[in-house]
Amino acid sequence: MWPFADPFATLRAGSSLRSGLRLLTATMCGVERWLLPPACLLCGEPVPHREGDALICSLCRVRWRPIPDPMCKRCGQPRLQELECRLCQAWPAGLARVRSAVWLEGSSRDAVHRLKYEGWSRIAETMALAMRGLEPLTPGVSLIPIPLGAGRLRARGYNQSEYIAAALGRCTGLSVRTDLLRRVRETPTQTALTPEARHANVAGAFGAGAIGRDHFVLVDDVFTTGATLAAAAAALKEAGAARVEAVTFARANHDLGARS
Ligand SMILES: [Zn+2]
Ligand SMILES: [Zn+2]
């Protein structure tokens, strides 16, 4: 017997497209589990039976290096002295605090890539486990994944940050809101830009309708300069949010904070 629910039955029954898509995603996760590779997705070694159906073996996971203390209270960048942080001083107001779980390097970079470009959605569960103890994830906050622009979402077919936020919601019990924040403007890729140019690139890229004076935590896969998170936080604050923080799975190691 086909072991998965029929997602199209929901669509035919006239339920919302959103719940149909959610069911389809769940079904695809089931198919992914069914077609599970017998080896760790990152190192290729067999995954021990006791680790269940993990996509990433425990040896790869312990190689992920957590971000060490001491760090900037606001942006979470490790630093050696109590000098002004050069990384977050250019941020617009609104983003109160960011924390990341691990450095972006080696197998953590590989994990990000596999989730973002190859659609291995359940890698998000392993990432969420690494993120669950991050300080902004306090009881009562709502998680908001950084939205993709419509064009990019169409091309990729899914939003990797939404997968991470959903997995984080499941393992922390926090609610996930994908209906509050939207990208109102597509932004060119940021990779080649300086931190200052990145802020200009994403300024005004996000919009939010009127929201309650709640406490929100943005969720993204990678922190590079914080420009995207800061622009998203500014939109939420403008819409009425009381406090906005952010968590990411990985953090690019560009040593800006260490030099300050
Ligand atoms: Zn491995
Ligand atoms: Zn900082």
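The legends below describe close-up views of a predicted model of a single chain.

**Figure 1. Overview of the chain and its largest nonpolar core.** The predicted chain holds 10 helices and 7 strands, and of its 260 residues 36% count as buried. Among the contacts between residues at least 6 apart in sequence, 71% join residues that are at least 24 apart. The largest nonpolar core has 65 residues, and those touching the most other members are Ile56, Ile164, Leu218, Val219, Ala232, Ala233 and Leu236. Helix α9, which spans residues 227–238, gives the most to this core, with 9 residues. As general background, nonpolar side chains in soluble globular proteins tend to be buried together.

**Figure 2. Surroundings of isoleucine 56 in the core.** Isoleucine 56 belongs to the group of core residues that touch the most other members. When residues up to four places away in sequence are left out, isoleucine 56 touches Cys40, Leu41 and Leu42, together with Arg61, Ala111, Ile123 and Thr126. Two of these partners, Ile123 and Thr126, are also listed among the buried residues of helix α5.

**Figure 3. Helix α5 and the elements that cover it.** Helix α5 runs over residues 123–131, and within this helix Ile123, Ala124, Thr126, Met127, Ala128 and Met131 are buried. The cover over these buried residues includes the helices α3 (58–62), α4 (106–118) and α7 (160–172), as well as the strands β1 (95–103) and β7 (243–251). The packing of helix α5 against two of these helices, α4 and α7, is shown in the next two views.

**Figure 4. Packing of helix α4 against helix α5.** Two packed helices are described by the angle between their axes and the distance between the axes. For α4 and α5 the angle is about 135° and the axes are 10 Å apart, and the two helices are therefore oblique to each other. The crossing in which α4 passes α5 is left-handed. On the α4 side the contact is made by Ala111, Arg114 and Leu115, and on the α5 side by Ile123, Ala124 and Met127. Sorted by class, this contact comprises 5 nonpolar residues, no polar residues and 1 charged residue.

**Figure 5. Packing of helix α5 against helix α7.** Here the axes come within 8 Å and cross at roughly 55°, so that α5 and α7 are likewise oblique to each other. The crossing in which α5 passes α7 is right-handed. From α5, the residues Ala124, Glu125, Met127, Ala128, Leu129 and Met131 meet Tyr163, Ile164, Ala167, Leu168 and Cys171 of α7. By class, the contact has 10 nonpolar residues, no polar residues and 1 charged residue.

**Figure 6. Packing of helix α8 against helix α9.** Helix α8, residues 195–202, packs with α9 at an angle of about 35°, and their axes are 9 Å apart. This crossing is right-handed. Pro195, Arg198, His199 and Val202 of α8 make the contact with Ala227, Thr228 and Ala231 of α9. The classes represented in this contact are 4 nonpolar, 2 polar and 1 charged residues.

**Figure 7. Valine 244 in strand β7, with aspartate 214.** Valine 244 lies in strand β7 and counts as buried because 25 C-beta neighbours are found inside 10 Å, where 20 or more are needed. Leaving aside neighbours within four places in sequence, valine 244 is in contact with Gly94, Leu95, Ala96, Phe216, Leu218, Ala233, Leu236 and Lys237. Aspartate 214 is 30 residues away from valine 244 in sequence, and their C-alpha atoms are 8.7 Å apart. Aspartate 214 itself lies in the loop between β5 (206–208) and β6 (215–223) and, with 17 C-beta neighbours inside 10 Å, counts as partly exposed. Not counting residues up to four places away in sequence, aspartate 214 touches Ser142, Ala241 and Ala242; the C-alpha atoms of aspartate 214 and alanine 241 are 5.3 Å apart, although 27 residues separate the two in sequence.

**Figure 8. The cis peptide bond before proline 70.** Most peptide bonds are trans. The bond that joins aspartate 69 and proline 70 is cis in this predicted model, with omega about -5°. Proline 70 lies in the loop between α3 and β1.

Note on methods:
Residues are numbered from 1 along each chain as its sequence is written. Chains are lettered from A and ligands numbered from 1 in the order in which they are written. This is a predicted model: local features need pLDDT of at least 70, side-chain atom pairs count only at pLDDT 80 or more; totals for chains, interfaces and linings use all residues. A nonpolar core is a set of buried Ala, Val, Leu, Ile, Met, Phe, Trp, Tyr and Cys residues joined through C-beta atoms within 7 Å. A residue is buried if 20 or more other C-beta atoms lie within 10 Å of its own, exposed if 12 or fewer, and partly exposed in between; C-beta atoms are placed from the backbone. Helices (H or I, at least four residues) and strands (E, at least two) are DSSP runs, numbered from the N terminus. Two residues are in contact if their C-beta atoms, placed from the backbone, lie within 7 Å. Axes are lines fitted to C-alpha atoms, for helices over the stretch in contact, and angles run from 0 to 180 degrees between N-to-C directions. Angles under 35 degrees count as roughly parallel, over 145 as roughly antiparallel, 65 to 115 as roughly perpendicular and the rest as oblique. A crossing is left-handed if the near helix is turned anticlockwise from the far one by less than a right angle, and right-handed if clockwise. Ala, Val, Leu, Ile, Met, Phe, Trp, Tyr, Cys and Pro count as nonpolar, Asp, Glu, Lys and Arg as charged, and the others, Gly among them, as polar.
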